[in-house]
Amino acid sequence: LSIQLTVPAFVHHLSLALSAMSSPAVNLKFSEEVRNAFKSGRPVVALESTIISHGMPYPQNFECAREVEAIIRENGATPATIGILNGEIYVGMSEGQLQTFAQTPCVKVSRRDLASVVGMKQNGATTVSATMLIAHMAQIRIFVTGGIGGVHRGAGETWDVSADLTELGRTPVAVVCAGAKSILDLPKTLEYLETQGVAVIGLRTKTFPAFFTPSSGLPVPTVCESESDVAAIINAQNDLGLSTGMVIGNPIPAELAAAVAPIEEATNRAVQEAFDKGIVGGEVTPFLLKRINELTNGDSLRSNVDLVKHNALVGARIAVGLRTAPESHRLSSRL
């Protein structure tokens, strides 16, 4: 008996076998909505929780989370906000859980912190890297955030490089974002992503977006004119069995970008203040977010929310074009 498999089919079957052998033993807590989506084949989009716990105060954080989830539902997909409560990893939350999370002090969780937060039964808000990792455990292929971290200016001396970049180099989840903040060293950030083998796509743009700025002026290697084109690339990457992530740069809409020039000025001022105060490491981003919000009288927070909503819209549209994994590839035993 002779059985012939195409290369994509062989890689797919091999990935299934490897997945079965290497599946983590952690018991993920799926919301009923996410469970039903997996069973029915409805696309699922992962969302991080750091923006809820560290990005804005209550109740604005809760309302923002609800609005972003609603946009994803309205565009044909199911939202799965990822976070940790009392050491339990949640993939999707009920409205009550989301409200509790929005009012609960949380540790900021990167890949490095995941085991300690789970092991010590703490509450944790997942960053880009931890959200990617957990989304991959749950076999969710697309994740929406505001912007990714990158190589910080002066990294040659400080070695300050975001864990987001190394996660993108080893975890096959596509990240929809407005690029990275202009306060970072964007040329080095793109070079690092290239070294890690991470595909960087510009959606309806030839240049990498810089968060509140639509264009950094730096070219992207791949340009897509539609969400369906992006979905086709993600499907192809899955067929090839590539283990790297993907960055989909979705520029901030022009009408919103025109209103945020003062935010860029405030950002530069806040960065200088952080340097002058000797603020480093994980304390930098919370300081910047708070200080920029103060300097702009709340405009930066409102713009940040609008930016995330726009990414959610695009992420849901891409997710609809992704092929559904076979039932055998789902985490059916944990649902």
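I started with rings: those of Phe, Tyr and Trp (its six-membered ring) pair if their centres lie within 6.5 Å, and planes under 30 degrees apart count as stacked, over 60 as edge-to-face and the rest as tilted. With that rule, I searched the whole structure and found two aromatic pairs. I looked up one of them, Phe30 with Phe38, and it is edge-to-face, with 5.7 Å centre to centre and 70 degrees between the planes.

Before going on, I noted that this is a predicted model, where local features need pLDDT of at least 70, side-chain atom pairs count only at pLDDT 80 or more, and totals for chains, interfaces and linings use all residues. Residues are numbered from 1 along each chain as its sequence is written, and side-chain values use heavy atoms, with hydrogens and water left out.

**Overview**

I counted 15 helices and eleven strands in the protein. Here helices (H or I, at least four residues) and strands (E, at least two) are DSSP runs, numbered from the N terminus. For burial I used relative accessible area: under 20% is buried, over 50% exposed, and in between partly exposed (1.4 Å probe, protein chains only). On that scale, 50% of the 335 residues are buried. I also checked contacts, meaning heavy atoms within 4.5 Å. Of the contacts with a separation of 6 or more, 74% come from residues 24 or more positions apart.

Back to the ring pair: are Phe30 and Phe38 buried or exposed? Phe30 is buried at 7% relative accessible area, and Phe38 is buried at 4%.

**Helix α7**

I went next to α7, residues 128-137. Nine of its ten residues are buried, so α7 is largely enclosed by the rest of the structure. The buried ones are Val128, Ser129, Ala130, Thr131, Met132, Leu133, Ile134, Ala135 and Met137.

I picked Thr131, which sits in α7, for a closer look. Its relative accessible area is 0%, so Thr131 is buried. What does Thr131 contact, leaving aside its neighbours within four places in sequence? I found Leu47, Glu48, Ile82, Thr126 and Phe143.

**Backbone oddities**

My reminder to myself: most residues other than glycine have a negative phi, and most peptide bonds are trans. I noted these exceptions.

- Gln139 comes just after α7, in the loop between α7 and β7 (142-144). Gln139 has a positive phi of about 60 degrees although it is not a glycine, and at 15% relative accessibility Gln139 is buried.
- Lys121 is in the loop between α6 (114-119) and β6 (124-126). Its phi is near 55 degrees, again positive in a residue other than glycine, and Lys121 is exposed at 56% relative accessible area.
- Tyr58 and Pro59 are joined by a cis peptide bond, with omega about 10 degrees. I placed Pro59 in the loop between α3 (50-53) and α4 (60-74).

**Helices α13, α14 and α15**

For helix pairs I used axes, which are lines fitted to C-alpha atoms, for helices over the stretch in contact, with angles from 0 to 180 degrees between N-to-C directions. How do α13 (residues 261-277) and α14 (residues 284-295) cross? Their axes come within 9 Å and cross at roughly 130 degrees. That makes α13 oblique to α14 (under 35 degrees is roughly parallel, over 145 roughly antiparallel, 65 to 115 roughly perpendicular, and the rest oblique).

From α13, the contact takes in Ile263, Ala266, Thr267, Arg269, Ala270, Val271, Glu273, Ala274 and Lys277, and from α14 it takes in Phe287, Leu288, Arg291, Ile292 and Leu295. I sorted this contact by class and got nine nonpolar, one polar and four charged residues. My classes are Ala, Val, Leu, Ile, Met, Phe, Trp, Tyr, Cys and Pro as nonpolar, Asp, Glu, Lys and Arg as charged, and the others, Gly among them, as polar.

The axes of α14 and α15 (residues 299-320) come within 6 Å and cross at roughly 115 degrees. Leu289, Ile292 and Asn293 of α14 meet Asp299, Ser300, Leu301 and Asn304 of α15. Here I counted three nonpolar, three polar and one charged.

**Val260**

My last stop was Val260, in the loop between α12 (254-257) and α13. Val260 is buried at 1% relative accessible area. Which residues does Val260 touch, not counting those up to four places away in sequence? They are Phe212 and Ser303. Val260 and Ser303 are 43 residues apart in sequence, and their C-alpha atoms are 7.4 Å apart in space.
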